[in-house]
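Student: I am new to this structure. Please take me through one part of it closely, the first chain and what it touches, and then show me a little of the rest.

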Amino acid sequence: MSEQPMRPATPMLRQIAEHRSLLQRFMGVSKEWKGFALLLLGGLGLSNLAIAYVVIDGRLDGQWYDIRDLGNVTQHLRSWMQDEGFHPAVPYLTTALLGALGILSVVGGWLLIGSWVERRVLAKFQIRQGPNRTGPFGLFQPIADAVKLMQKEVVIPRVADKFLYYAPPVIIFIPAILGWGPVPWAGKMSFLDLNVGVLYTIAISSLGVLGVFLAGWSSNNHYSLLGAMRTVAMMVSYEIPISLALLAVVLLTGSMQLSTIVAWQANYNAWLIFLLPFAAFTFLFASTAEINRTPNDIGEAESEIVAGFYTEYSGMKAGLFMGVELGNAILVGAMMATFFLGGYTMFGLETWIPGYLILAAKIGAVYFLFVWLRGTLPRFRLDQLMGYAWKFLIPLSVVQVLLVAVEASIFARWETPALFPLAAFALLNLGLTVEMVRRWAHALGYAPEVAQQQPVMATAIGGLKAAQKMRGG
Amino acid sequence: MNSTAEPYVLNIGPQHPSTHGVFRVRVVMDGEVIRDLDMIVGYLHRSMEKLAEERTYTQNIPFTDRADYLAAMSGNLGLALGIERLAGIDVPERASYLRVIFAELQRVASHAMANGTLVSDAGAWQTPLLYMFREREKILDLFEMTCGARLTTNYMRAGGVSFEPPAEFWPALNELVAELPGRIDEYMELLADNEIFLARTRGIGIITPEDAINGSLVGPALRGSGVPWDLRKAEPYCVYDRFDFDVPVGTRGDVYDRFMCRMMETRESVRILKQAIAQIPPGPHKNDVPLALRPPVGEVYSRVEGPRGENGFYLVSDGGPAPYRFHLRAPSLINLSLLRELARGASLPDAVVTLGSIDIVVGEIDR
Amino acid sequence: MILAFFALSGLTVASALLVFVARNLLHALAFLVLSFLGMAGLFLTLSADFIGVAQVLIYAGSISVLMVFAVMLTPLASRNNGSTLYVIPAMLAAGGLASLIGFVAIDTEWDERKGEALGVSDFTTTVAGIGDLLLGRYLLAFEVASVLLLFALLGAIVLVQERRRAGEEA
């Protein structure tokens with residue numbers, strides 16, 4: 001061996017050796033900047049103390065500048081308009097437009113950074129960097145992507161149904177935006193606080209099927225049609241478990257109004273995921289099927305049917321389909337947070353931090369879970385998924401609904417503090433769920449010990465005779 | 001399934017995410033179920049065997065890089081062994097050990113690719129693939145250190161190997177060999193007990209030992225269906241008879257068995273690598289061989305156990321500097337021929353996973 | 001309110017017209033869904049949120065998918081629907097139905113409210129009322145409907161069940 005010093009042998013290894021971590025880069029910053037950062041942190045702390053003083057004092061509650069609940073602003077605006085004597089339609093329309101603007105900015109803002117977040121987080125799961133070239137940390141990557149997609153030539157299959165071909169990218173966005181209506185972001189921040197909010201949610205989610213189907217049918221491509229039929233079949237099947245899971249929620253909380261459901265959870269300091277673990281799981285799993293995410297992304301299974309129902313779409317139309325997936329993911333995150341994770345409340349933390357930030361954090365958590373699943377799990381097959389819905393989720397959900405009905409009627413008649421029945425229900429439901437799932441799975445013929453049988457080491461080398469000898473012995 | 005729906009033709013490929021190259025399948029489908037399929041190959045045909053008849057034996061070695069481009073070292077080795085047997089050339093011991101080391105590294109890299117793409121075909125969004133590429137990357141770095149190329153290595157020569165590995169090669173190799181078992185455990189943890197993966201691969205694409213032998217399958221596809229046939233054991237070449245290793249054999253012959261066979265073979269390769277590193281003697285890496293080699297008139301069929309199975313090379317010499325006939329026995333092509341039987345009656349996702357488990361390389365199929 | 005009413009009814013009527021003007025069955029279906037949605041909007045403006053949402057859920061969401069499947073499973077469904085002789089009795093029946101509904105609508109004494117009284121309603125939410133009625137006064141009808149649906153479900157399962165040929169084990 002030669003005596004020369006070791007050096008990275010290939011250009012890539014050299015690059016890796018020269019790469020500095022974020023901490024090292026931070027330590028290399030000049031003293032002035034460090035002092036500035038320290039000052040900034042101190043200032044933030046002081047201002048937080050001041051805010052805390054005002055909040056404890058109660059002086060902030062319900063004022064228009066109380067940004068913990070943006071509903072205060074619209075409320076004051078509306079009462080001011082009524083005092084001024086405008087036509088009754090004016091405050092109505094103004095607040096409606098403000099709310100719509102809010103929802104659109106949430107969805108639109110997410111579309112701006114969503115694909116960056118997804119790709120970046122996924123990249124971390126896959127030990128790579130993710131987009132980091134365009135702008136700081138690659139943040140402008142979605143914009144660059146969108147510009148590129150818009151510049152692309154519009155390719156329409158000659159045999160496509162022109163009228164129906166153009167509609168789906170738009171149709172499919174409607175539920176992704178309308179679904180945000182009843183989500184409560186804070187005490188008064190709810191655009192459409194329907195008293196049939198749960199039904200509304202289910203109804204809106206059932207609208208997505210049509211866009212998918214029309215996209216697949218009008219493209220006049222076998223891949224598209226296969227993807228569309230798979231998606232439609234799956235959405236129709238998985239709407240039932242979703243409805244049953246939400247029915248359990250409605251039975252226990254006694255309301256179909258989303259804000260009441262959140263208030264119920266805040267009131268008893270009990271997230272419904274603890275009380276109804278199976279419903280939460282069903283909802284999460286079925287939602288991944290509804291919005292076409294791994295492990296249930298069979299509608300656009302890349303390795304099988306290329307891009308599923310939007311195979312024939314190019315340019316920004318395909319971009320819209322991908323965008324709606326992102327939008328749906330956070331919508332489902334919001335639903336999951338609202339129904340099962342306490343919505344905008346966090347055991348009293350909502351007094352200090354704006355509720356919409358808490359909800360956003362919860363949405364982020366659920367979304368992170370989605371990306372995690374996408375980075376980890378393979379995909380189910382269509383028949384396995386349908387079987388899972390019909391043979392597993394639906395029967396168990398029905399049993400759960402019966403159970404919850406009994407529990408709800410006990411709970412309604414309970415006199416003493418609610419903690420005892422709720423804790424009992426939580427333990428009972430968890431235990432029953434585990435036992436039920438285990439027994440039902442075994443009844444369906446699930447046998448892990450057989451499935452995991454692994455290859456053995458050869459004891460002989462040869463052809464068929466050796467194989468038979470090994471099998472026999 | 002006796003559906004009354006009208007069957008339709010689905011054209012998969014030549015550009016499709018799961019055909020692993022430019023390979024086309026015309027499938028007659030009935031709903032989601034495959035009724036029949038036609039495999040159409042030849043999109044990557046480069047007329048390799050004919051071109052080889054115009055080139056000297058050494059000039060033919062690069063062709064083997066481009067045939068099975070995921071396992072160039074194994075191809076190199078097979079042809080080099082064939083030329084040596086044809087011309088009666090001796091190989092120094094150190095060169096044999098280097099050949100074993102590089103062939104086993106290539107096997108690890110190729111199995112990483114095969115298993116990674118298989119899991120991707122099953123729908124995992126490329127995470128296992130990229131994890132396995134981490135090791136493959138390091139192996140390719142080792143190749144790059146040694147011979148300057150990562151994929152088309154052109155490393156083995158008649159009479160030895162072309163370069164002695166540089167000084168930084170050995171520490172890097174030791175590091176890789178030390179960390180590989182942990183990595184394999186990691187993949188096993190991620191995939192071997194994964195319910196979804198089991199559901200997708202268990203009992204899918206079953207090949208019985210009889211079918212496998214009748215279809216003349218080779219490599220992990222053969223061993224996965226329970227036939228313990230490995231040329232490294234059955235007909236040891238280089239110095240394989242000096243190493244202690246096992247041959248994993250599947251019990252059911254399904255996709256999962258083929259996957260696990262590859263996984264476990266990777267582990268055995270690491271065992272071989274460790275022993276080879278410990279045993280490798282000093283000495284020259286190459287014997288001098290005339291540039292324009294003129295082997296005596298004759299024919300030879302040399303075969304090595306490549307990652308995809310038996311890499312066979314049939315060489316006929318007419319005494320001239322170029323082979324009279326140069327034929328590759330491509331394992332992928334012959335393994336692929338069973339796909340039609342396997343995919344008939346299966347659903348489209350199952351067929352995709354089955355194709356992934358057969359592990360084809362189109363460069364080798366079309367040559 | 002007036003604006004919303006005219007916009008929604010315009011949407012409903014226009015898309016309903018387009019349903020039978022459209023020559024392609026799937027185009028007609030798309031317009032039909034639009035018409036359903038407009039009707040759901042009309043229900044919402046009448047404070048009948050349950051009916052409105054149910055309209056979206058059942059008609060726009062499920063019935064349309066059902067029709068989609070029906071169209072897909074019918075051979076030559078997407079062909080151009082030329083004129084047939086059925087158009088005459090269909091026109092007559094539609095005209096008769098329209099005149100009947102119009103007559104009833106004009107003839108009925110509507111409880112009309114204007115101005116201030118418009119904001120006042122006799123109820124806050126329709127859901128609880130509908131629930132009480134369904135499980136109280138109309139319990140029998142409700143149960144009969146659910147039994148009917150159950151039989152429909154069973155019938156569907158029986159229809160699509162794979163029949164094993166006689167003398168052949170599965």
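Tutor:
**Chain A and its partners**

Chain A holds 21 helices and one strand. Keep in mind that this is a predicted model. The C-alpha trace of chain A spans about 95 × 70 × 55 Å along its principal axes. The chain has 473 residues, and 42% of them count as buried. Take the contacts in chain A between residues at least 6 apart in sequence: 74% of these join residues at least 24 apart.

Start with one helix. Helix α5 of chain A covers residues 89-125, which is 37 residues. From first C-alpha to last it reaches 51 Å, close to the 54 Å expected at 1.5 Å a residue. α5(A) is bent, though: the axis turns by about 45 degrees at A:I113.

Which residues of α5(A) are buried? They are A:V106, A:V107, A:L111, A:G114, A:S115, A:W116 and A:E118. The list includes a charged residue, A:E118. An α-helix has 3.6 residues a turn, so residues three or four places apart point the same way. A:V107 and A:L111 fit that spacing, and so do A:L111 and A:G114.

What do the buried residues of α5(A) pack against? Four helices of chain A: α6 (141-151), α9 (173-178), α16 (315-340) and α17 (355-376). Just after α5(A), A:I127 takes a positive phi of about 40 degrees.

Now the interior. The largest nonpolar core has 245 residues. Those with the most contacts inside it are A:A248, A:V249, A:L276, A:F283 and A:M336. Helix α11 of chain A, residues 222-253, gives the most to this core, with 19 residues. In soluble globular proteins, nonpolar side chains tend to be buried together.

Look at A:M336 by itself. Set aside its neighbours within four places in sequence. A:M336 is then in contact with A:F283, A:L284, A:L341 and A:V366. A:F283 is thus a contact of A:M336, and both are named among the residues with the most contacts inside the core. A:M336 lies within the range of α16(A), and A:V366 within that of α17(A).

Next, the side that meets chain B. The contact takes 47 residues from chain A and 56 residues from chain B. On the chain A side, α15 (302-305), α17, α18 (382-413), β1 (456-457) and α21 (464-472) each supply at least two residues. α21(A) gives the most, with five residues. The residues on this side of chain A divide into 24 nonpolar, 15 polar and eight charged.

Strand pairing also crosses between these two chains. Two bridges join β1(A) to strand β6 of chain B, residues 248-249, and the two run antiparallel. A:V456 stands opposite B:V249 in β6(B).

Compare the side that meets chain C. Here 20 residues come from chain A and 17 residues from chain C. In chain A, α7 (162-166), α10 (197-218) and α11 each supply at least two of them. α10(A) gives the most, with eleven residues. This side of chain A has 18 nonpolar residues, two polar and no charged. α11(A) therefore has two roles: it supplies residues to this side, and it gives the most to the nonpolar core.Turn to chain B, where strands pair within the chain. Nine bridges join strand β7 of chain B, residues 298-306, to β8(B), and these run antiparallel. β7(B) and β8(B) form a hairpin with two residues between them. B:S302 stands opposite B:F313 in β8(B). On β8(B), residues 309-317, seven of the nine residues are buried. Five bridges also join β8(B) to strand β9, residues 325-329, again antiparallel. There, B:G312 has B:R329 in β9(B) as its bridge partner.

One loop residue of chain B is B:R202, found between α7 (195-201) and α8 (209-214). Is B:R202 buried or partly exposed? It counts as partly exposed, because it has 17 C-beta neighbours inside 10 Å. Its C-alpha atom is separated by 13 Å from that of B:A351, 149 residues apart along the chain.

Last, chain C. It has six helices and zero strands. Buried residues make up 16% of its 170 residues. Among its contacts between residues at least 6 apart in sequence, 52% join residues at least 24 apart.

Notes. Residues are numbered from 1 along each chain as its sequence is written. Chains are lettered from A and ligands numbered from 1 in the order in which they are written. This is a predicted model: local features need pLDDT of at least 70, side-chain atom pairs count only at pLDDT 80 or more; totals for chains, interfaces and linings use all residues. The expected span of a helix is 1.5 Å times one less than its number of residues. The bend at a residue is the angle between axes fitted to the seven residues ending there and the seven starting there. A residue is buried if 20 or more other C-beta atoms lie within 10 Å of its own, exposed if 12 or fewer, and partly exposed in between; C-beta atoms are placed from the backbone. Two residues are in contact if their C-beta atoms, placed from the backbone, lie within 7 Å. Two strands pair if DSSP finds at least two bridges between them. A nonpolar core is a set of buried Ala, Val, Leu, Ile, Met, Phe, Trp, Tyr and Cys residues joined through C-beta atoms within 7 Å.
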